[in-house]
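Trainee: Could you take me closely through one part of this model, starting from a pair of charged side chains and working outwards to what lies around it?

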Amino acid sequence: SVVDEEVQYAFPQEPEAEPINPVSSAKPKVSFSIPKLPKLALPSFSKGKVPWLYLLIIPVILVLGFVAYLFAGEALITIAFTPQKINSQFTLAISDNTVSGLPTLIATKKTVSGSTHDQIETTGEATMGDKASGTITIANKSTSPIILKAGTAILSENGKYGYSLNDAVTVASKSADPLTFQETYGKAAGVKVTAVKIGADYNLPKNSTFSVDSYSRNVAYAVADSDFSGGTSRVVRAVSKADQDALLQSASEKIKTQIQTTTQNQTPGYTSLTLSDFTYTKKTFDKNVGEEATTLSLDLEGSVETLVYSEESLYQLVAAQIAPQIPAGSEIFPGNTSIKLETPAKTDGAYQAKANVETSLFPKIDEDKLKSYIKGKKVSSIRHFFTTIQGFDHLNIKITPPIPVYTQFLPLSKISFDLVEK
């Protein structure tokens, strides 16, 4: 059998009560205990050595880091300056052989074709609408019949509104009653007419009177049988001659650009100069002048004669021509030189063109000498080394890595310069 044992709990034994002294009036004391914290032990060093070790290590690390920065750091110094400009124009020959007496750009003549589809919005205006129409009765006061052809002019009494006969008509002569001798004018009723122009102003009312062709009103005249109707007008956007001219110019420029691109792709470093106007093999507008439209399209094809030349050869030719204008200590670069050739003309068997040149003078700097002056120096103290540069304005200095304090000084070796126009 299992004997159940009673679980016993251990309680602290209370101290035996001391005899109470009835005479004593002292209050009982309350006591408590604070748990003990674990003790922290520092690494054991020999007395007097720890502070000196720390004081030595930190400066050594800083010095070694600064030395590493001086040799491994990089500085880019951008020198901003206001350049002096040179503008020049001279005449050069363009030929496949050197032309005596003129600087010659060697080029090859080539016929190039191209095509494009272009579209613009129209800017013209046109008045659109319908022509008024009606019927008239023509009276003949003469003794002879009047024969009128289709299209004969009928003019309003004030001469402002013109109409024409739809069909030919013959108006009988006047007649007289033999008994009463009363005259009766010859007439033709229900004659159809149409206004020569569009507009509601031509909707004249019934009984309006008209002259007939060149006949005097004493000979013939006409009267509206009823109100004229159908005349309307409105102003709409339409194709103008200026629209067609502008689109043709735009499309031609696109073909020129297309030719330039083709030349450069086929022969990198080369470009072409147009010799003549386009010879159009196709020029088709989708709308005529005066036609209502909001857009105008053009299909254009054509060919043009060009001179193909090397861009580097042109630059070297220009540089040689303007060299006397470049002062000592300055130089020019292709990227900062604009050269525009005017349309060439053939003279003495060779093409000649004016070259318009605009370039900026860049100061020459001795980078090695500058580096030797400024390496390792404080950034704030190097400006005076650059103030002698022609047109100097200011410096921008970028140092990597961007370490505080260290970057107050320039590295010793990895220093580069960049000249930029202000």
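Mentor: Let us begin with Arg234 and Glu292, whose side chains meet in a salt bridge at 3.4 Å from N to O, a salt bridge being a side-chain nitrogen of Lys or Arg within 4 Å of a carboxyl oxygen of Asp or Glu. Arg234 lies in strand β14 and Glu292 in the loop between β16 and β17, so the pair ties together parts that are 58 residues apart in sequence. Before going further, please keep in mind that this is a predicted model, in which local features need pLDDT of at least 70 and side-chain atom pairs count only at pLDDT 80 or more, while totals for chains, interfaces and linings use all residues. Residues are numbered from 1 along each chain as its sequence is written, and side-chain values use heavy atoms, with hydrogens and water left out. The helices (H or I, at least four residues) and strands (E, at least two) are DSSP runs, numbered from the N terminus.

Both partners of this bridge are partly exposed, Arg234 with a relative accessible area of 46% and Glu292 with 37%; here buried means under 20% relative accessible area, exposed over 50%, and partly exposed in between, with a 1.4 Å probe and protein chains only. As background, side chains of opposite charge can pair when their charged atoms come close.

Strand β14 leads us to helix α2, because β14 (232-238) is one of the elements against which the buried residues of α2 pack, where contact means heavy atoms within 4.5 Å. The others in that list are β3 (104-121), β4 (124-140), β15 (270-274), β16 (279-285) and β17 (295-310), and the loop that carries Glu292 lies between β16 and β17. The residues of α2 that are buried are Asp243, Gln244, Leu247, Leu248, Ala251, Ser252, Ile255, Ile259 and Thr263. The helix has 26 residues (241-266), and at 1.5 Å a residue, counted over one less than the number of residues, it should span 38 Å; its end C-alpha atoms are 38 Å apart, which agrees.

Helix α2 also holds a salt bridge of its own, in which the side chains of Asp245 and Lys241 meet at 2.8 Å, N to O. Being four residues apart in α2, Asp245 and Lys241 are separated by about one helical turn. Asp245, at 41% relative accessibility, counts as partly exposed, and Lys241 is likewise partly exposed, at 49%.

Among the strands that receive the buried residues of α2 is β4, and Asn140 is found in that strand. With 0% relative accessibility, Asn140 counts as buried. Its side chain makes a polar contact of 2.6 Å with the side chain of Ser142, and it also reaches the backbone oxygen of Val171 at 3.4 Å; a polar contact is a pair of N or O atoms within 3.5 Å, where within protein one must be able to donate a hydrogen and the other to accept it, and residues adjacent in sequence count only if both atoms are side-chain atoms. Leaving aside residues up to four places away in sequence, the residues that Asn140 touches include Pro145, Ile146, Tyr185 and Val219.

To return to the charged pairs, the count of salt bridges by this rule comes to eight.
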